[in-house]
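Work through the exercises below with the coordinates open. Try each task before reading its solution.

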Amino acid sequence: MAVLFMLVACNEQVSLFTLEGEYGSGNDTIYVYGIDSRYEQIDTIQTNDKGYFEYILETDTVIPLTMVLPNGSMLPLYAEPNVDAAMKYENDRWLISGGAIQALHDSISDRIESVLLRSQRLEKIDSFIKCHPYSDVNIHLLQRYLVDVYDAKGSLIKKRIEYMGGTLQDNSYISSVKRLADGKIQNINNRSMPEYTFVTAGNDTIKRSTFMDKYLLVTVWASWDTASISYLKKFNDVKDKLDKDYFERLNISIDHDTAAWKRCIENDSITGYNVCDVKMWDNAVVKEFTIEKLPFSMLVNPYMRINSFNIKPDDFVYTVDSLINKFKVKEKAKKEKEAARKNEQEKKDKGNDSKTAAAKKKGLRMNEANKEVNEKIIK
């Protein structure tokens, strides 16, 4: 995807958030995505050959974002109007400085991370929410410490949401979490897909960021589980029926015997990216979602969030095709807006160049006239 708004607006009425920094040795890709309906898209930031990057976002309100670095680190980011922020590496971690809300988030995060017991962390979170019931920082706190954890409990989530102000409770992300958190079932929908790195059967290394611009069907299975094999076969032809640029499959086997796994995917022609984790039930994805029964599947959207789980083959193609089409419309609108802004910027730049050239010509004419006058006076 194109980097969003990599232009400096000349219009004083436009409010901009700017983030700059350096990462790696050069030509790395950084992703930024929104948490709620204020910014429902992913932006791609490309560092230059020296590692420098600049990210500019037009906004007249605060937008909570998440930045994903190439090493898998995820940084909460708050795009505040008319704020210049910077990313830097300090005390063995990446930090973002700039903006009052960013500073508030970092302050409470440091206090939470200073204790290890969950009960102590919850106390600090509760104290913060009660003191700042309308703060957007609460969204990241809820997401990181209560929702995106392997043993997420609806009762704990609900209790913290109740402390928040009414307008914040209407936030699209918090509203969706509130509807799903009921204390009896683990909340899976709308949670973030955890970080992972796998080596496929074809020796390709894949990460979560590999699929950031696609809908991804993830299936956790094992070759020794007959129900898993039957389930996988039902989806073997879906890739041929969906737009390959916007859909992919990831099949995570928890086999201990990799030879048996390879024979199974070859004999049954299991399509998609096939990976095997010999950690079995200690696999990161298994633990993240407390998976106890195979097969287990999830549809992950391009924003790396769980759209639905335990997918049924019936109407799968129709449902995902509809989601892809909606995503394409958003992407098209985004590109058109970027193109229009770029065109407007080029017109302004051209106009400024013309004015500058005209001013130079006028100055030359005045200099010539003054020169003639001075010569006459001397004579």
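Three exercises follow, on a residue, a sheet and two pockets.

The model is predicted, so local features need pLDDT of at least 70 and side-chain atom pairs pLDDT 80 or more, while totals for chains, interfaces and linings use all residues. Residues are numbered from 1 along each chain as its sequence is written, and side-chain values use heavy atoms, with hydrogens and water left out.

**Exercise 1.** Locate Ile 125 and decide: buried or exposed?

Solution.
1. Find the element. Ile 125 sits in helix H2, residues 118–131. Helices (H or I, at least four residues) and strands (E, at least two) are DSSP runs, numbered from the N terminus.
2. Check the area. Ile 125 has a relative accessible area of 1%. Buried means under 20%, exposed over 50%, partly exposed in between, with a 1.4 Å probe and protein chains only. Ile 125 is therefore buried.
3. List contacts (heavy atoms within 4.5 Å). Leaving out residues up to four places away in sequence, Ile 125 touches Ile 112, Tyr 145 and Arg 160.

**Exercise 2.** Give the strand order of the open sheet of five strands, and place the helices H7 and H9 on it.

Solution.
1. Read the order: E13-E12-E11-E14-E15, with mixed pairing. Two strands pair if DSSP finds at least two bridges between them.
2. Mark the edges. Strands E13 (273–276) and E15 (306–309) each pair on one side only.
3. Inspect one pair. E14 (residues 296–300) and E15 are antiparallel over three bridges. Leu 299 has Ser 308 in E15 as its bridge partner.
4. Add the helices. H7 (residues 226–233) lies across E11, E12 and E14, at about 160° to E11. H9 (residues 258–267) touches E11, E12 and E13, at about 160° to E13. Axes are lines fitted to C-alpha atoms, for helices over the stretch in contact; angles run from 0 to 180 degrees between N-to-C directions.

**Exercise 3.** Which element gives the most to the lining of the second largest pocket, and which gives the largest share in the largest pocket?

Solution.
1. Fix the term. On a 1 Å grid over the protein atoms alone, a pocket is an open set of points where a 1.4 Å probe fits, with protein on both sides within 12 Å along at least five of seven lines; lining residues have an atom within 4 Å of a point.
2. Take the largest pocket. Its lining has 28 residues, with Ser 73, Met 74, Leu 75, Pro 76 and Arg 144 nearest the centre. H1 supplies the largest share, six residues.
3. Take the second largest pocket. Its lining has 25 residues, among them Glu 40 and Asn 190. H6 gives the most, six residues.
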